[in-house]
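Student: I'd like to learn how to read a structure like the one you've got on screen. Could we go through it feature by feature?

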Amino acid sequence: PILLTVLGGVLALSSYISQLHVVSRAARDGARVGSVTLEGPDGDGSLIEAASVLQAQAVLDTTGYHCAGEASTTADDNANCNVSARWWYDDPYHYVTVDVIYPLDVGAMPGFPENVSASFTMLTQQQ
C-alpha cells in the first residue's frame, strides 16, 4: 500500500509538471508573438493583445489542451480555461503580458491547486 501511494503521488506530480509546462509554453509563445506584432505609431495595443491570445490558444489546442475561444476548432473545448493578454506602457518601453489559466487534471490528489496558471511578460517592438 505504501509503494502504491508513493507511485500514485509520483504520477500525479508528473502530470502536474507536464500540464504546467504546456501552460507556461502557451503563455510564453503568446507573449513572444505579441512582442513582434506591429501596430504603428498610433496603436492602442488591441492587435498585440489579440495576436497574443490567439497564439496562446493555438499552442493549447495543438498540445491537446483545448481552450474555448476563437482559435479553438474542436467540439471538446474547455470553457473553464482563460487566456488573456494586456499591452501596457512603462516609459520608454511597451510590454505585453499573457496570462493562461487552465483547470488542473491530476485526479483526486490532495494538495494540488485547482488550476494551472502561468504569466509571461515581454518587451514589444512598439518603442
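Student: Let's start with one side chain: is Tyr65 buried or exposed?

Tutor: Keep in mind that this is a predicted model. The trick is to look at relative accessible area, where under 20% means buried. Tyr65 comes in at 16%, so it counts as buried.

Student: And what about the overall layout? How many helices and strands does the protein have?

Tutor: Two helices and three strands. Walk from the N terminus and the order is α-α-β-β-β. Of the 127 residues, 37% count as buried. The accessible surface comes to about 7,400 Å², and carbon and sulfur atoms own 57% of that.

Student: How do I judge whether contacts link parts that are far apart in sequence?

Tutor: Take the contacts with a separation of 6 or more and ask what share joins residues 24 or more positions apart; here that share is 56%. One example of sequence distance against space is Cys67 and Val100: 33 residues apart along the chain, with their C-alpha atoms 10.0 Å apart. Cys67 sits in the loop between helix 2 and strand 1, and its relative accessibility is 1%, so it counts as buried.

Student: Back to rings, then. How many aromatic pairs does the count come to?

Tutor: Two. Tyr65 and Tyr102 make an edge-to-face pair, with 5.3 Å centre to centre and 75° between the planes. This pair links distant parts of the chain, 37 residues apart: Tyr65 is in the loop between helix 2 (46-62) and strand 1 (82-90), while Tyr102 is in strand 2 (residues 93-103). Tyr102 is buried as well, at 10% relative accessible area.

Student: Why is the pair of Trp88 and Tyr95 called stacked?

Tutor: Look at the angle between the planes: under 30 degrees counts as stacked. For Trp88 and Tyr95 the planes are at 25° and the ring centres 4.7 Å apart, so the pair is stacked. Trp88 counts as partly exposed, at 24% relative accessibility.

Student: Which residues is Tyr95 in contact with, leaving aside its neighbours within four places in sequence?

Tutor: Tyr95 lies in strand 2. Its contacts include Arg86, Trp87, Trp88 and Asp90, and further along the chain Thr121, Met122, Leu123 and Thr124. There's also Gly34 to look at: 61 residues separate it from Tyr95 along the chain, yet their C-alpha atoms are separated by 9.0 Å.

Student: Now a helix. How do I check the length of helix 2?

Tutor: Compare its end-to-end span with what you'd expect at 1.5 Å a residue. Helix 2 has 17 residues and reaches 24 Å from first C-alpha to last, close to the expected 24 Å. Right after the helix comes Gly64, with a positive phi near 90°.

Student: Which residues of helix 2 are buried, and what covers them?

Tutor: Among the buried ones are Ile48, Ala51, Ser52, Val53 and Ala56. The list also takes in Gln57, Val59, Leu60 and Asp61. The cover includes helix 1, strand 1 and strand 2.

Student: Next, charges. How many salt bridges does a search of the whole structure find?

Tutor: Two. In one, the side chains of Arg25 and Asp29 meet at 3.6 Å, N to O. In the other, Arg28 pairs with Asp29, and the closest N and O atoms are again 3.6 Å apart. Because they share a partner, the bridges join Arg25, Arg28 and Asp29 into one network.

Student: How does the spacing in the helix matter for a pair like that?

Tutor: The general idea is that an α-helix has 3.6 residues a turn, so residues three or four places apart point the same way. Arg25 and Asp29 are four residues apart in helix 1, so about one helical turn separates them. Asp29 counts as buried at 9% relative accessibility, whereas Arg25 at 30% and Arg28 at 35% count as partly exposed.

Student: Last one: which residues make the nonpolar surface patch?

Tutor: Ile2, Val6 and Val10 make it, and the patch is about 300 Å². Val6 lies in helix 1 (residues 2-35), and with a relative accessible area of 48% this valine is partly exposed.

Definitions and conventions:
Residues are numbered from 1 along each chain as its sequence is written. This is a predicted model: local features need pLDDT of at least 70, side-chain atom pairs count only at pLDDT 80 or more; totals for chains, interfaces and linings use all residues. Side-chain values use heavy atoms; hydrogens and water are left out. Patches are made of residues with over 30% relative accessible area and no salt bridge: like charges are joined within 9 Å, nonpolar side chains (Val, Leu, Ile, Met, Phe, Trp, Tyr) within 5 Å. Accessible areas come from the Shrake-Rupley method with a 1.4 Å probe; for residues, only the protein chains shown count as cover. A salt bridge is a side-chain nitrogen of Lys or Arg within 4 Å of a carboxyl oxygen of Asp or Glu. Buried means under 20% relative accessible area, exposed over 50%, partly exposed in between (1.4 Å probe, protein chains only). Rings of Phe, Tyr and Trp (its six-membered ring) pair if their centres lie within 6.5 Å; planes under 30 degrees apart count as stacked, over 60 as edge-to-face and the rest as tilted. The expected span of a helix is 1.5 Å times one less than its number of residues. Contact means heavy atoms within 4.5 Å.
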